[in-house]
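Thanks, everyone. I would like to walk through one model this morning, starting from a single residue and working outwards to the helices and then the whole chain.

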Amino acid sequence: MKRKLLAVLFATTILFSLGGCSTNDISNEDDDTINIALVTKMVDSPYWQTVKEAAIEKAQELGNVEITHLGPAIESDINAQVSIVETCIVDEYDGIILAACDKDALVIPVKKAVDTGIPVVMIDSGLSSPVYDAFLSTNNVQAGANCADLMAELIGESGKVGIINFTAGTSTAIERETGFVEQIEKNYPNIELVGIQYCDSDPTKAANQATDMISAEPDIKGIWGVNDQAAIGVANAVSTLGKIDEISVVGFDNSADIIAGLEVGTIKGTAVQMPTVMGAQGVQMVIDILDGAYPEIKEIDTGVVMVNQENLNDEISQAALNQ
């Protein structure tokens with residue numbers, strides 16, 4: 001039921017954006033298996049596992065598609081991801097779905113893949129040059145601004161706020177941070193940004209950075225964790241220091257730990273992306289491109305739901321959280 005609700009919420013936007021894409025099930029046209037590489041920024045992460053599950057579910061629905069999930073051990077290992085994409089080209093995968101660790105480093109291998117006839121659909125994190133066939137993502141600048149608005153509301157539009165971001169060179173990290181900072185500077189003159197750290201999506205590192213930030217700024221009122229791993233680390237630090245009621249933590253994404261944090265109050269709000277839409281539609285778009293139907297619009301916004309403790313149990317919030 002939750003998947004169906006999400007489909008109702010977002011299908012109209014996706015279908016409108018896809019424009020010329022076909023929705024043909026090509027399993028009736030060809031008995032050969034279509035091999036698609038799903039290359040994410042890391043493998044062992046709840047968010048990327050959700051993307052993987054949605055991609056596999058879509059592949060099973062189509063009937064003759066096989067998904068291979070690949071990625072580096074950590075998001076900061078950009079060279080490893082470049083090598084993975086280059087290997088996918090050599091191995092002649094039929095299509096690649098890619099979330100780029102770095103917006104610049106993956107441009108050349110993606111262009112090479114496309115030039116050799118392998119469709120590349122970007123998801124979540126894009127490139128500095130649109131050499132890909134399509135890009136399914138959150139509007140991360142707007143999502144960052146939404147998180148800034150929520151933080152401002154939580155702290156009464158006044159006080160010190162810090163940011164624990166993830167990987168400095170990733171487009172999503174840059175865009176979310178930009179949206180948050182610009183929104184604070186433009187609309188909340190009584191909020192002071194006191195620091196930005198990068199945890200490389202390591203919750204232990206994020207917890208240590210948050211602890212240091214709180215030690216340096218004992219009157220800090222809020223910290224934003226820019227992805228799930230960063231937010232989990234920040235929440236752990238705030239909880240360990242006994243400052244749940246003093247410091248508001250805003251997160252990003254919808255992992256089990258994020259949901260648990262919302263339920264007990266260590267996390268006051270989160271921006272929830274649509275990883276299931278990215279995974280499923282990424283597979284469908286590769287199939288459509290192989291079938292000769294290219295999207296009319298390359299950049300497709302998959303949407304975001306802002307969840308806080310007040311709307312936590314609403315139907316839309318629960319559907320988004322439990323993708």
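Let me begin with Asp-253, which, once its neighbours within four places in sequence are left aside, is in contact with Tyr-47, Asn-227, Asp-228, Ile-258, Thr-270, Ala-271, Val-272 and Gln-273. I should say straight away that this is a predicted model, and everything that follows should be heard with that in mind.

Where does Asp-253 lie? It is found in the loop between β9, residues 248-252, and α9, residues 256-264. Although it sits in a loop, Asp-253 counts as buried, because its relative accessibility is 3% and the cut-off for buried is under 20%. Its backbone also deserves a look, since phi of Asp-253 is near 85°, which is a positive value in a residue other than glycine. As for its surroundings, the C-alpha atom of Asp-253 is separated by 8.9 Å from that of Val-226, a residue 27 places away along the chain.

There is a second residue to set beside that one, namely Glu-92, where phi is near 60° and is again positive in a residue other than glycine. Glu-92 belongs to the loop between α3, residues 78-90, and β3, residues 95-98. Is Glu-92 buried or exposed? With a relative accessible area of 64%, Glu-92 is exposed, whereas Asp-253 is buried.

Tyr-47, which we met among the contacts of Asp-253, takes us to the helices. Two packed helices are described by the angle between their axes and the distance between the axes. For helix α2, residues 46-62, and helix α10, residues 275-290, the axes come within 7 Å and cross at roughly 40°. That angle makes α2 oblique to α10, and the crossing in which α2 passes α10 is right-handed. On the α2 side the contact is made by Tyr-47, Thr-50, Val-51, Ala-54, Ala-55, Lys-58, Ala-59 and Leu-62, and on the α10 side by Pro-275, Thr-276, Met-278, Gly-279, Ala-280, Val-283, Gln-284 and Ile-287. Sorted by character, the residues of this contact between α2 and α10 comprise 11 nonpolar, 4 polar and 1 charged.

The other pair I want to show is helix α7, residues 203-216, with helix α8, residues 228-240, which pack at an angle of about 50° with their axes 7 Å apart. Here too the arrangement is oblique, α7 to α8, and α7 passes α8 in a right-handed crossing. From α7 the contact draws on Pro-203, Ala-206, Ala-207, Ala-210, Thr-211 and Ile-214, while α8 supplies Gln-229, Ala-230, Ile-232, Gly-233, Val-234, Ala-237 and Val-238. In the contact of α7 with α8, 10 residues are nonpolar, 3 are polar and none is charged.

Stepping back to the whole chain, the secondary structure of the protein comes to 11 helices and 12 strands. The radius of gyration is 20 Å, close to the 20 Å that the globule rule gives for 323 residues, so the chain is as compact as a globular protein of that length. Along the principal axes, its C-alpha atoms fill a box of roughly 65 × 40 × 35 Å. Buried residues make up 55% of the 323 residues, and, among contacts between residues at least 6 apart in sequence, 75% join residues at least 24 apart.

Definitions and conventions:
Residues are numbered from 1 along each chain as its sequence is written. This is a predicted model: local features need pLDDT of at least 70, side-chain atom pairs count only at pLDDT 80 or more; totals for chains, interfaces and linings use all residues. Side-chain values use heavy atoms; hydrogens and water are left out. Axes are lines fitted to C-alpha atoms, for helices over the stretch in contact, and angles run from 0 to 180 degrees between N-to-C directions. Helices (H or I, at least four residues) and strands (E, at least two) are DSSP runs, numbered from the N terminus. Angles under 35 degrees count as roughly parallel, over 145 as roughly antiparallel, 65 to 115 as roughly perpendicular and the rest as oblique. A crossing is left-handed if the near helix is turned anticlockwise from the far one by less than a right angle, and right-handed if clockwise. Contact means heavy atoms within 4.5 Å. Ala, Val, Leu, Ile, Met, Phe, Trp, Tyr, Cys and Pro count as nonpolar, Asp, Glu, Lys and Arg as charged, and the others, Gly among them, as polar. The radius of gyration is taken over C-alpha atoms; the globule rule is 2.2 Å times the number of residues to the power 0.38. Buried means under 20% relative accessible area, exposed over 50%, partly exposed in between (1.4 Å probe, protein chains only).
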